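Please open the structure in your viewer and keep the sequence panel visible beside it. This tour proceeds by selections, and each stop states what is to be found there.

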Amino acid sequence: NDGFECTSSECDCAYQRLQASGKAAVRFCMYDVLVKLVDTAGVQRERKPALWSGLCGLGAGMAEALFWTAPTERLKVLRQARAGEGKTCTPPSVFSIVTQRGLGDLYVGAGATAARQASSVAMRFCFLDGAKSQICTRMGYEKKSAPSWVTFLSGGIGGCLSAVRPLCHPH
């Protein structure tokens with residue numbers, strides 16, 4: 001016993017919350033950084049908003065995949081392997097994986113993960129921008145000063161539309 005006892009469903013739920021929260025944090029932070037970088041470079045994104053939203057989303061998705069999703073998915077797989085051995089749900093630490101197997105072990109499958117995440121996030125931001133433009137036009141809002149619920153609704157629409165793409169996995 002390593003001092004950490006819990007049911008599999010408790011661990012799964014907590015781990016999924018942490019993983020989803022971290023993915024979203026990296027995704028939105030990186031999108032914001034890229035948008036500001038493009039704006040600082042003097043690019044007039046408003047001329048081709050879907051293109052620039054998609055490109056910044058592609059970069060945000062790539063960052064999400066490489067900084068968060070690939071390593072946490074690897075930890076999840078290793079945790080699931082331990083559960084099959086009858087051990088508690090505590091996954092090996094990042095430190096122990098890196099020292100025993102090398103940094104590359106955290107990135108097993110990273111290429112496929114990056115392709116999936118980058119394309120999915122690019123489509124979400126592209127759809128979000130288009131949906132937000134349409135809602136603002138119909139409701140008479142300026143896009144930059146629209147109420148938060150417009151972005152909330154647009155994000156939901158973007159998420160739904162991007163979820164039907166073949167490269168996106170079902171969860």
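Two residues are said to be in contact when they have heavy atoms within 4.5 Å. With that term in hand, consider the whole chain, which is a predicted model. Of the contacts with a separation of 6 or more, 69% are made by residues 24 or more positions apart.

**The whole chain**

Begin with a cartoon view of the complete chain. It holds five helices and zero strands, and the order of elements from the N terminus is α-α-α-α-α. Now switch to a surface view. The chain exposes about 10200 Å², and carbon and sulfur atoms supply 64% of that area. Of its 171 residues, 35% count as buried.

**The largest nonpolar core**

Next, select Tyr 31, Leu 34, Val 35, Val 38, Cys 56, Ala 60, Val 121 and Phe 125, and show their side chains. These eight residues form the largest nonpolar core. Helix 1, helix 2 and helix 4 each supply at least two of its residues. Helix 1 gives the largest share of this core, with four residues. As a general background to this stop, nonpolar side chains in soluble globular proteins tend to be buried together.

Within this selection, centre the view on Val 35, which is found in helix 1. Is Val 35 buried or exposed? Val 35 counts as buried because its relative accessible area is 12%, and the term applies to values under 20%. Leaving aside neighbours within four places in sequence, Val 35 is in contact with Arg 45 and Cys 56. Add Leu 55 to the view and draw a distance between C-alpha atoms. Val 35 and Leu 55 are 20 residues apart in sequence, and their C-alpha atoms are 9.4 Å apart in space.

**The largest pocket**

Now turn to the largest pocket, which has a volume of about 760 Å³. To find it, select Tyr 31, Leu 128, Asp 129, Lys 132 and Lys 143; among the 25 lining residues, these lie nearest the centre of the pocket. Colour helix 1 (8–40), helix 2 (49–84), helix 4 (110–139) and helix 5 (148–163), for these are the elements that give two or more residues to the lining. Which helix provides the largest share of the lining? That share, six residues, comes from helix 4. By residue type, the lining divides into nine nonpolar, seven polar and nine charged residues. Note also that Tyr 31 belongs to two of the selections in this tour: it is part of the largest nonpolar core, and it is one of the residues nearest the centre of the pocket.

Remain at the pocket and select Asp 129, which lies in helix 4. Asp 129 has a relative accessibility of 10% and therefore counts as buried, the cut-off being under 20%. Show what surrounds this residue. Apart from neighbours within four places in sequence, Asp 129 is in contact with Pro 49, Ala 50, Ser 53 and Lys 143.

**From helix 4 to helix 5**

Stay in helix 4 and select Arg 124. With a relative accessible area of 27%, Arg 124 is partly exposed, because this class lies between the 20% and 50% limits. Setting aside neighbours within four places in sequence, Arg 124 is in contact with Arg 27, Gly 158, Gly 159 and Ser 162. Draw the C-alpha distance from Arg 124 to Gly 158: it is 4.7 Å, although the two residues are 34 residues apart in sequence.

For the final stop, select Ala 163, whose place is in helix 5. Ala 163 has a relative accessibility of 47% and so counts as partly exposed. Add Ser 120 to the selection. Ala 163 and Ser 120 are 43 residues apart along the chain, and their C-alpha atoms are separated by 7.8 Å.

Technical notes
Residues are numbered from 1 along each chain as its sequence is written. This is a predicted model: local features need pLDDT of at least 70, side-chain atom pairs count only at pLDDT 80 or more; totals for chains, interfaces and linings use all residues. Side-chain values use heavy atoms; hydrogens and water are left out. On a 1 Å grid over the protein atoms alone, a cavity is a set of points where a 1.4 Å probe fits but cannot get out, and a pocket is an open set with protein on both sides within 12 Å along at least five of seven lines; lining residues have an atom within 4 Å of a point. Grid points are joined across faces, edges and corners, and a volume is the space filled by probe spheres set on the points. Ala, Val, Leu, Ile, Met, Phe, Trp, Tyr, Cys and Pro count as nonpolar, Asp, Glu, Lys and Arg as charged, and the others, Gly among them, as polar. A nonpolar core is a set of buried Ala, Val, Leu, Ile, Met, Phe, Trp, Tyr and Cys residues joined through side-chain atoms within 4.5 Å. Buried means under 20% relative accessible area, exposed over 50%, partly exposed in between (1.4 Å probe, protein chains only). Accessible areas come from the Shrake-Rupley method with a 1.4 Å probe; for residues, only the protein chains shown count as cover.
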